[in-house]
Amino acid sequence: MESLKDVIKKLAPNIDSAKDAAEEVNDEYMRTLEVLSKKLKFVQVDPMVRSSKALKDVQPELEKLRQKAVSKVFEFIVQKLYALRKPKTNIQILQQNVLLKYKYVILFLKERGKEVYTEVRGAYIDTMNKVLSAHFRAYIQALEKLQLDIATESDLIGVETRSTGLFSRGREPLKNRSAVFALGDRINILKEIEQPALIPHIAEASSQKYPYEVLFRSLHKLLMDTATSEYLFCDDFFGEESIYNEIFAGPFAVIDEHFNAILPNCYDAIGLMLMIRIIHQHQLIMSRRRIPCLDSYLDKINIALWPRFKMVFDMHLSSLRYANVKTLWEDDVHPHYVMRRYAEFTASLIHLNVEYGDGQLVLNLERLRMAIDDLLVKLAMMFPKPKLQTIFLINNYDMTIAVLKEAGPEGGKTQLHFEELLKSNTAIFVEELLLEHFGDLIKFVKTRASEDPSSTSERPITVPDVDPLVKDFASRWKATIELMHKDVITSFSNFLCGMEILRAALTQLLLYYTRLTDCIKHIVGGSTLNKDLVSISSIMYEIRKFSRTF
């Protein structure tokens, strides 16, 4: 037992020497603590030592040393923790370069001064909770000044652009309004997912404003980096991951308060879907880091975003289902602004679903497509002439296909649907156009050209039956084709689409005229009409002429 007394004599001066805790808690002091801790453990676990008379002589001295050591390291570590509260302190540097050097002090308190360790632990939790809560509150307040409002509750696909009441608010510039439906450059936020968080005062100095998803990503990037650092530090310094949860109760409450104020006023469906994708990317980042501390928080945000997106999406859907056709209708066959909004909105959401394949979103887009189909047909029916109705539908279908193609090759079923509608309406228009200019010829070809001239059951076709048709066509076919060309050019917004339709009309005309000439070959005395027949090659030449224009 003499050796234990010797150890106590050696330890006492080191434990009790300097009066300033900061001076004495250095590497040498911590080595002394380790020796003291081993001796305390030795006398606790060895039954022979515990029952010896010699221990009773030294135990009071040993306990006194323990108390002094605990008291001094407590004072020392609390001083270091208070440094975390100083404004503009770089917390992570202080943790890594200062506090972690004294990791053994925490271990010593945990093992040899549990009553004091609880105080230190509580002081650290309280300090970091307040510091980080204040940090996030200030950051959020700075971010809020940078927010660009994109949409209000009246910014819906099926709402008319004109103000409807004496006191309705003036519209904001279309430059910002287009972002309600079109994804545009906003997609870039998903490519910048791991970029550093925004520095608000720099952005504010340059008078920049951002859609909310940019601020959302920035806030959560800061949260991820702060949470990762704090989680790893708590595990390393205290050996307790649970401390992290108590610290972040404050910051989470600050962020929740902000988010719960923002979300109920968010009517930006594109922004909401971008935030859903941002959260997914952040979950992947935390998974790659192997840090689970934000799992439940990110799940909670995701669960809050989806119902809000669905609600705003359903508002767009209802705006189409219950749209006032009379107030939306304009006497103009060019693409309607509601259809353009629909096309941009759909293209945006299809694009944002490419890597995710979300079946629920696909079903919702199908519901939206059915609603716009119904509305567009109702708008078309407002035109007095069937031809104008068909032109209106073709222009809108063509524009929608172009917008879906611009967004990428992901148009899928939606694009195919509109391509089929374009095809069927083009066929209707071609027939209407030809009937308008060559009605008698087409009616004859459809009703009588296929008759068998030798049939005795019906009156045979004679030269006088077809002579007026042949002469009428020969006299004006070129001029009429030019009229059709002008009609198409003025009717269709997309020149290429118009020329495709003209070519289809001329090709169909050629087929009708070919059937007429074939019919004449079988008529008795039909050869007398040959001098007035236009050669098929002449018509083909005219068709090729228009084909070269595009």
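## Close-up views of a predicted model

**View 1. Helix 20 and helix 21 run roughly antiparallel to each other.** This is a predicted model, like every view below. Two packed helices are described by the angle between their axes and the distance between the axes. Here the axes of helix 20 (residues 463–491) and helix 21 (residues 495–521) come within 10 Å and cross at roughly 175°. Anything over 145 degrees counts as roughly antiparallel, so the pair of helix 20 and helix 21 gets that label. On the helix 20 side, the contact is made by V466, V470, F473, I481, M484, H485, V488 and I489. Helix 21 brings F495, G498, M499, L502, A505, L506, L509, Y513, L516 and I520 to the contact. Sorted by type, the residues of this contact of helix 20 with helix 21 come out as 16 nonpolar, two polar and no charged.

**View 2. F473 and W477 form a stacked aromatic pair.** Stay on helix 20 for this one, since F473 is also part of the contact with helix 21. The ring centres of F473 and W477 sit 6.1 Å apart, with 10° between the planes. What separates the two along the helix? Being four residues apart in helix 20, F473 and W477 are separated by about one helical turn. As for burial, F473 is buried and W477 is buried too.

**View 3. F216 and F259 make a tilted pair between two helices.** The structure holds 21 aromatic pairs. In the F216 and F259 pair, the ring centres are 5.8 Å apart and the planes are at 40°, so the pair counts as tilted. F216 belongs to helix 11 (residues 212–237) and F259 to helix 12 (residues 242–262), so the pair ties together parts that are 43 residues apart in sequence. Both F216 and F259 are buried.

**View 4. Y231, Y244, F248, F252 and Y297 gather in one aromatic cluster, and T226 touches F248.** The five rings of Y231, Y244, F248, F252 and Y297 form one cluster. T226 lies in helix 11. Is T226 buried or exposed? At 12% relative accessibility, T226 counts as buried. If you skip its neighbours within four places in sequence, T226 is in contact with Q92, L132, F136 and F248.

**View 5. E160 is a buried residue in a loop.** Look for E160 in the loop between helix 8 (114–144) and helix 9 (174–177). E160 has a relative accessible area of 16%, and the cut-off for buried is under 20%, so E160 counts as buried. Which residues does E160 touch, leaving aside its neighbours within four places in sequence? They are T327, L328, Y337 and R341.

**View 6. S535 makes polar contacts with S537 and S538.** S535 lies in the loop between helix 21 and helix 22 (536–548). The side chains of S535 and S537 are joined by a polar contact of 3.2 Å. Another polar contact, of 2.7 Å, joins the side chains of S535 and S538. With 34% relative accessibility, S535 counts as partly exposed. Y513 also belongs in this frame: the C-alpha atoms of S535 and Y513 are separated by 9.8 Å, with the two residues 22 apart along the chain. Y513 is one of the helix 21 residues that contact helix 20 in View 1.

**View 7. S207 and R290 have a positive phi.** Most residues other than glycine have a negative phi. S207 is not a glycine, yet its phi is positive at about 55°. You'll find S207 in the loop between helix 10 (200–205) and helix 11. S207 is exposed, with a relative accessible area of 62%. R290 is not a glycine either, and its phi is about 60°. R290 lies in the loop between helix 13 (269–289) and helix 14 (295–321). With a relative accessible area of 74%, R290 is exposed.

**View 8. Zooming out, the chain has 22 helices and zero strands.** How much of the chain is buried? Of its 550 residues, 49% count as buried. Take the contacts in the chain with a separation of 6 or more: residues 24 or more positions apart account for 80% of them.

Terms used
Residues are numbered from 1 along each chain as its sequence is written. This is a predicted model: local features need pLDDT of at least 70, side-chain atom pairs count only at pLDDT 80 or more; totals for chains, interfaces and linings use all residues. Side-chain values use heavy atoms; hydrogens and water are left out. Axes are lines fitted to C-alpha atoms, for helices over the stretch in contact, and angles run from 0 to 180 degrees between N-to-C directions. Angles under 35 degrees count as roughly parallel, over 145 as roughly antiparallel, 65 to 115 as roughly perpendicular and the rest as oblique. Contact means heavy atoms within 4.5 Å. Ala, Val, Leu, Ile, Met, Phe, Trp, Tyr, Cys and Pro count as nonpolar, Asp, Glu, Lys and Arg as charged, and the others, Gly among them, as polar. Buried means under 20% relative accessible area, exposed over 50%, partly exposed in between (1.4 Å probe, protein chains only). A polar contact is a pair of N or O atoms within 3.5 Å; within protein, one must be able to donate a hydrogen and the other to accept it, and residues adjacent in sequence count only if both atoms are side-chain atoms. Rings of Phe, Tyr and Trp (its six-membered ring) pair if their centres lie within 6.5 Å; planes under 30 degrees apart count as stacked, over 60 as edge-to-face and the rest as tilted.
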